[in-house]
Amino acid sequence: MPRTRRTLVIAASAAALALVPPLATALGEPFLISLFSRVVIYALAAVSLDLILGYGGLVSLGHAAFFGAGAYTVGILAFHAEDGSPVLDWPLSISGSTDALVTWPLAVLVAVVLGAVIGALSLRTRGMHFIMITLAFAQMLFYLFVSLEHYGGDDGLSLWSRSAAPGLDLSNATSFYYVCLALLAGYLVLCWRITRSRFGMVMQGARQNERRLRALGYPVFRYRWVCFMLGAAGAGLAGALIANQTEFVSPALLHWTRSGEIMVMVILGGLGTLFGPVLGAAALLLMEEGLAAYTEHWMVILGPVLVAAVLFARRGLFGVLCGGDDDAR
Amino acid sequence: MLLFFEQVLNGLQLGVTLFLMAAGLTLVFGIMNLINLAHGSMYMMGAYVGASVTAASGSFVLGLLAAVPAAGAVGMVVEIVVMRRLYSREHLDQVLATFGLLLFFNELVVILWGRQPLFMNVPPLLSATVEIVPGAPYPAYRLAMMGVGLAVAAALWLLIARTRLGMQIRAGASNREMAGALGIDIRRLYTLVFALGAALAGLAGIMVAPILAVESGMGESILVVTFVVIVIGGIGSVRGALVGALMVGLVDTLGRAFLPLSLRAVMAPAQADSAGAALASMAIYLLMAAILVWRPRGLFPAAG
């Protein structure tokens, strides 16, 4: 019964994630909480890419652009809050802020606007063009932030503290972890609802047979565009969280290998499964951590593992754990 | 004016390097319908092998003669071991597998050569400067690079338009099954084309080695710019690759040199410099976006 098994896998993973802080405290390894905060944040980014990649069938290799844009939104607002100078004088006056209720939604908004612009241009193309164009736009943003000397350029920007939220102490590792986890869960539920809605059905239909959907009268471009923006929103939120987690933003967040890593998480976990990417993010980051302890040249192992995973294990971790047919999709 | 002239030459030289990268990659994209992120690794391998052989033997020519076949051989092995299994797969699988290869090669050179970048001198024969126009000395080595690039462009055109192998390549590009049915060994042809592309990337790598640092990850930055060239030129078109490469080379170089200067005319110097630098780093991507809006399939879309 793959269906019950799937529920079981999700419930077990959710329980494991929820139990991380008490377990880490019990083991006397508080560093595990920050490691798993990273896992949860990257999981959020990977789930948002899965929406575009797995359901939309759009191979976007520029997802780090939205991730980095979200992070820089938080970073720049915090920088100006510290500095006392306005972010913008004209056309409207914006002052810096470290209030999570202001900066995080703004990070999402910035990512969505960016997704709207990049999507409008790149969705005009298909296949290989689309891959290269999303990659190129992300790289453009990377170089833009490298050249912004005012915000640290290549060296990045340190935050003085995490964002402030009413009633929550985000500088506390455990409460920050649970905030991240709650946001991940919320985004997962949102995506789950979206993929099962009429909108989600149109997206999946367009992936399988675009011509037929067009013939049925659906404006495929617009559906894809909205899907692209929804994915960008999740990545922007993840970016806002990672800026808070590390209290540091730098152009490295936008480098295109970051887009590649997020894509690897999606595939490793299971494309088009929504929950799979959470497992993929955990697997990749824990594997990195494990291999890095063993050798500094861990990438020389990870690379071939990746090639082998693509060639021989196509269903992803989630598919393997759930068993059964490709019903997970 | 002299500065402008010098920057145009720099732009052309960057364009020629990009062309060497783009020519091989566009053939692989167009003919095999394969997206290859590991192309920059071939460029890096060429640079590393060339720099070490040159350092060991003291001869740039030997370095060149070692780098190009080495990159070609690495390409051939990669094609036989990995790429061959990817032709029939989705683009997504190709992206991921070649991304894995790229991580592997980046770390492999760190293991073999260490984290310190290698530096290489311009060969003594070409270390002089030439005054093409009086008062503007220009390094002979960079001129030689341009010469090599243009010679390769001509040779590629001859190969593709005038030889039997070129005919087979064109046939394989337009209809794989039909070419196979007519007795062309498609597998061997693909391996050859892939190795050719890798060798050209290796050539680009060894040629830039004396003017850039040879380090792990050097292939990535040029790879993305190469993609921009291919998108502008049109996938599968060598002519498009040449035009796109020269355009991108000129726009990037001239933008970096003159955008901050020209913005100073309209705003305060400090602001002009930072805005100019930001704009210049985005210039080629804006060029790509503009061309996409105008022609989504590039300037010279290949047939089929």
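**Figure 1. How much of chain A is buried?** Of its 329 residues, 51% count as buried, meaning that 20 or more other C-beta atoms, placed from the backbone, lie within 10 Å of a residue's own (12 or fewer makes it exposed, anything in between partly exposed). Keep in mind that this is a predicted model, where local features need pLDDT of at least 70, side-chain atom pairs count only at pLDDT 80 or more, and totals for chains, interfaces and linings use all residues. Residues are numbered from 1 along each chain as its sequence is written, while chains are lettered from A and ligands numbered from 1 in the order in which they are written. Chain A has 14 helices and four strands, taken as DSSP runs numbered from the N terminus (H or I for helices, at least four residues; E for strands, at least two). Its C-alpha atoms fill a box of roughly 55 × 50 × 40 Å along the principal axes. The radius of gyration of chain A is 20 Å, which agrees with the value near 20 Å for a compact globule of 329 residues; the radius is taken over C-alpha atoms, and the globule rule is 2.2 Å times the number of residues to the power 0.38.

**Figure 2. A close-up of A:Y42 in its helix.** A:Y42 is found in α3 (residues 31-55) of chain A. It counts as buried because it has 26 C-beta neighbours inside 10 Å. Leaving out residues up to four places away in sequence, A:Y42 touches A:I262, A:M265, A:A281 and A:L285; a contact here means C-beta atoms, placed from the backbone, within 7 Å. The C-alpha atoms of A:Y42 and A:A185 are separated by 13 Å, with their positions 143 residues apart along the chain.

**Figure 3. α5(A) and α10(A) crossing inside chain A.** The axes of α5 (residues 100-122) and α10 (residues 220-246) come within 7 Å and cross at roughly 145°. Axes are lines fitted to C-alpha atoms, for helices over the stretch in contact, and angles run from 0 to 180 degrees between N-to-C directions. The crossing is right-handed, with the near helix turned clockwise from the far one by less than a right angle (anticlockwise would be left-handed). Residues making the contact include A:W104 and A:L114 of α5(A), along with A:W225 and A:F228 of α10(A). By class, there are 17 nonpolar, five polar and no charged residues; Ala, Val, Leu, Ile, Met, Phe, Trp, Tyr, Cys and Pro count as nonpolar, Asp, Glu, Lys and Arg as charged, and the others, Gly among them, as polar.

**Figure 4. Where chain A meets chain B.** The contact takes 38 residues from chain A and 36 residues from chain B. On the chain A side, α6 (127-147), α11 (256-269) and α13 (299-312) each supply at least two residues, and α6(A) gives the most, with 15 residues. That side of chain A has 27 nonpolar, nine polar and two charged residues.

**Figure 5. Zooming in on α11(A) against α4(B).** The axes of α11(A) and α4 (residues 91-113) of chain B come within 10 Å and cross at roughly 120°. The two are therefore oblique to each other (under 35 degrees would be roughly parallel, over 145 roughly antiparallel, 65 to 115 roughly perpendicular, and the rest oblique). This crossing is left-handed. A:G260, A:M263, A:V264 and A:I267 meet B:V95, B:L96 and B:F99.

Notes: Two residues are in contact if their C-beta atoms, placed from the backbone, lie within 7 Å.
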